[in-house]
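Me: Hi! I have a structure open and would love some help reading it. Here it comes.

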Amino acid sequence: MLIMSKLYNLNTRSIDLALAYPQAEVKSTIYLFPSLGIIISGNGNDYVLQLKKNLYGLKDTGRTWWEHLSSGLERMGFKQCNAKMCVFKKDGVIIIVYVNDCLIFANSKEESDEVVRELKRNVDIIYERETIEQYVGVKIDHNLDGTFRMY
């Protein structure tokens, strides 16, 4: 996709979603004992806490987050690619997702700006960059001659 963005002069953007897993609501009923040191005042009974949001380490956390994100993208009008489930497309805009890292490819800056505005209504974004400098730990240098280097 990076090569296609260079060939067709696509606007590219990289975004990182904040604390991905806790953004999704828990689908089942889960109770936890309070951690040591947390004191809940009351009538002396033991208390448990009901979990409302996902926590890292739960069995279904990854799947629940994926369902939350993909359904949000589908509500925005994006269609999920059948061949690559991490690719979403809508009217010339392509989003590639890996857990909480997203790449956006669009025909114009205005289109990518609109996608980011819509995304912010559904998920919390830590940062966004108007160039793709790094993705899932791979650094990307953009050269003046239009080429790039990945390392």
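Me: Which ring does the charged end of Arg129 sit over?

Reply: That would be the ring of Tyr127, with the charged end 4.5 Å from the ring's centre. Keep in mind that this is a predicted model. There is also Arg149, whose charged end sits over the ring of Tyr151, 4.1 Å from its centre.

Me: Cool. How many aromatic pairs are there?

Reply: The count comes to two aromatic pairs. One is formed by Tyr21 and Tyr56, which are tilted, with 4.8 Å from centre to centre and 40 degrees between the planes.

Me: And where do Tyr21 and Tyr56 lie?

Reply: Tyr21 is in the loop between S1 and strand S2 (31–32), and Tyr56 is in the loop between strand S3 (49–50) and H2, so their pair ties together parts that are 35 residues apart in sequence. Tyr21 is buried, at a relative accessible area of 19%.

Me: What about the pair of Trp66 and Phe88?

Reply: Trp66 and Phe88 are tilted too, at 5.9 Å centre to centre and 45 degrees between the planes. Trp66 belongs to helix H2 and Phe88 to strand S5, so this pair ties together parts 22 residues apart in sequence.

Me: Is Phe88 buried or exposed?

Reply: Buried, with a relative accessible area of 0%. Trp66, at 25% relative accessibility, counts as partly exposed.

Me: New topic! Which residues of H3 are buried?

Reply: They are Ser112, Asp113, Val115, Val116, Glu118 and Leu119. Their cover includes helix H2 (61–75) and strand S6 (93–98), among others. Helix H3 itself has 14 residues, 109–122, and reaches 20 Å from its first C-alpha to its last.

How values were computed. Residues are numbered from 1 along each chain as its sequence is written. This is a predicted model: local features need pLDDT of at least 70, side-chain atom pairs count only at pLDDT 80 or more; totals for chains, interfaces and linings use all residues. Side-chain values use heavy atoms; hydrogens and water are left out. Helices (H or I, at least four residues) and strands (E, at least two) are DSSP runs, numbered from the N terminus. The expected span of a helix is 1.5 Å times one less than its number of residues. Buried means under 20% relative accessible area, exposed over 50%, partly exposed in between (1.4 Å probe, protein chains only). Contact means heavy atoms within 4.5 Å. Rings of Phe, Tyr and Trp (its six-membered ring) pair if their centres lie within 6.5 Å; planes under 30 degrees apart count as stacked, over 60 as edge-to-face and the rest as tilted. A charge sits over a ring if NZ of Lys or CZ of Arg is within 6 Å of the ring centre and within 35 degrees of the ring normal.
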